[in-house]
Amino acid sequence: MLRRLIVPLHGFLGSLLAFTSIVSFLILGAVFLLFRIPQLEDEIRARTEASARELAFRIELQMLSQQKHLNLLVAALKHHDEPADLLQKTVGNGEIFRALYLLSPEGDVLKAGLPPSYAHLTDEVLGSDLSGSQLFRDARSQTQAVWSDRYLSSLTGLIAVGVALPVNGQQFLLAEISLDYLLSILDYDSSQSVRSIWVLDQRGELLADTENIRRVGGLNLYNSPLLSAVLKGETLPLNFRLDGRHYYVGGAKSPVLGWSFIAREPAGWEY
């Protein structure tokens, strides 16, 4: 009889020990998650914020480098008899500059420099009227370089980055920078492939997206509290929802270019 009682007692004690262990692990896990998850969220937000600031600095530095290149070109155009040759040499193979135009005070293309793949369109481009371009209108009211918002290439019809500079106070140099070049700067660290970057102009139009280039031209965040916080230098929302997914976000603004940079990482169970 005693032996029969000992066997069930061993089983009961074993079950009780297992149950106690499970409950202890659950309690410890709950306490860990309760305190650790907010810490992880703060760390991720700080990391995305740092990524956005770093990228804003990197893009600004690279674009200002190209602007200096164009400033040298403007200086050379003032003293060169063959501006078309200078434009062509500066464009080269089109890796950075997709097209260069020397415009009249009225916005007509006087000279053009195009990469080899578009050289056959030179005659069609000459004489084109670009006076309707917002970039040209902005350049006419400025005495220094002007960077574009979302810019539609007059050569390819695709979205590009535009910059315009005055030449002699009469003519204007308009440059189209390849979007691929901008994306190559954005793809600065392949080890951070989870992290995605948006580049937005002052009107909230998407200039570049490292996650999905097809969003470019189809996404506008002008009325989003996310962009509003970046522009005002305020604290960004805790997370952002897009296409049914939640993201941790961090933002920064380039006062020189007028663009905003938003870094994001998946939030919740996806992370």
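## The E1–E2 hairpin

Start with glycine 107, which takes a positive phi near 95° in the hairpin of E1 and E2. That hairpin has 5 residues between its strands. This is a predicted model, so treat the geometry here and below as computed. Strand E1 covers residues 97–103 and runs antiparallel to E2, with 4 bridges joining the two. One facing pair to look for is leucine 103, which stands opposite valine 109 in E2.

## Tyrosine 118, just past E2

Follow the chain on from E2 (109–113) and you get to the loop that leads to helix H3 (122–125); tyrosine 118 lies in that loop. Is it buried, partly exposed or exposed? Tyrosine 118 counts as partly exposed, because its relative accessible area is 24% and the buried class stops under 20%.

As for its neighbours, leave aside residues up to four places away in sequence, and tyrosine 118 touches Arg98, Leu155 and Thr156. Take the threonine: tyrosine 118 and threonine 156 are 38 residues apart in sequence, yet their C-alpha atoms sit 9.0 Å apart in space.

## The five-stranded sheet

Further along there's an open sheet of 5 strands, ordered E8-E7-E11-E10-E9, with antiparallel pairing. Strand E8 (206–209) and strand E9 (240–242) are the edges, each pairing on one side only. From one strand to the next, the twist averages 35°.

Inside that order, strand E10 (residues 245–253) and strand E11 (residues 260–266) are joined by 7 bridges and run antiparallel. Alanine 252 has phenylalanine 261 of E11 opposite it. At the other end of the order, helix H5 (residues 179–186) lies across strand E7 (196–200) and E8, and its direction makes an angle of about 55° with E8.

## Two nonpolar cores

In soluble globular proteins, nonpolar side chains tend to be buried together. Here the largest nonpolar core has 55 residues. The residues with the most contacts inside it are Ile59, Met63, Leu70, Leu100, Leu173, Trp198 and Trp259. Helix H1 (residues 2–77) gives the most to this core, with 9 residues.

There's also a second, separate core of 19 residues, which includes Ala112, Val125, Leu155 and Phe172. Leu155 should look familiar: it is one of the residues that tyrosine 118 touches.

## The second largest pocket

If you're after a cavity-style feature to inspect, the second largest pocket holds about 200 Å³ of space. Its lining has 15 residues, and the closest to the centre are Glu49, Glu234, Thr235, Leu236 and Gly251. Which element gives the most to the lining? That is E10, with 4 residues. H1, helix H6 (225–232) and E10 each supply at least two.

Helix H6 is also where you'll find lysine 232. With a relative accessible area of 58%, lysine 232 is exposed, because the cut-off for that class is over 50%. Lysine 232 and lysine 253 are 21 residues apart in sequence and 9.3 Å apart in space, C-alpha to C-alpha.

## The whole chain

Zooming out, the protein chain has 6 helices and 11 strands. Of its 271 residues, 42% are buried. On the contact side, take those with a separation of 6 or more: residues 24 or more positions apart account for 52% of them.

Technical notes
Residues numbered from 1 in each chain as written. Predicted model: local features only at pLDDT ≥ 70, side-chain atom pairs only at ≥ 80, totals over all residues. Heavy atoms only, no water. Pairing = 2+ DSSP bridges. Axes fitted to C-alpha atoms, helices over the stretch in contact; angles between N-to-C directions. Contact = heavy atoms within 4.5 Å. Buried < 20%, exposed > 50% of the residue type's maximum accessible area, 1.4 Å probe, protein only. Core = buried A, V, L, I, M, F, W, Y, C linked by side-chain atoms within 4.5 Å. 1 Å grid on protein atoms, 1.4 Å probe; cavity = no way out; pocket = protein on both sides within 12 Å on 5 of 7 lines; lining within 4 Å. Points joined across faces, edges and corners; volume = space filled by probe spheres on them.
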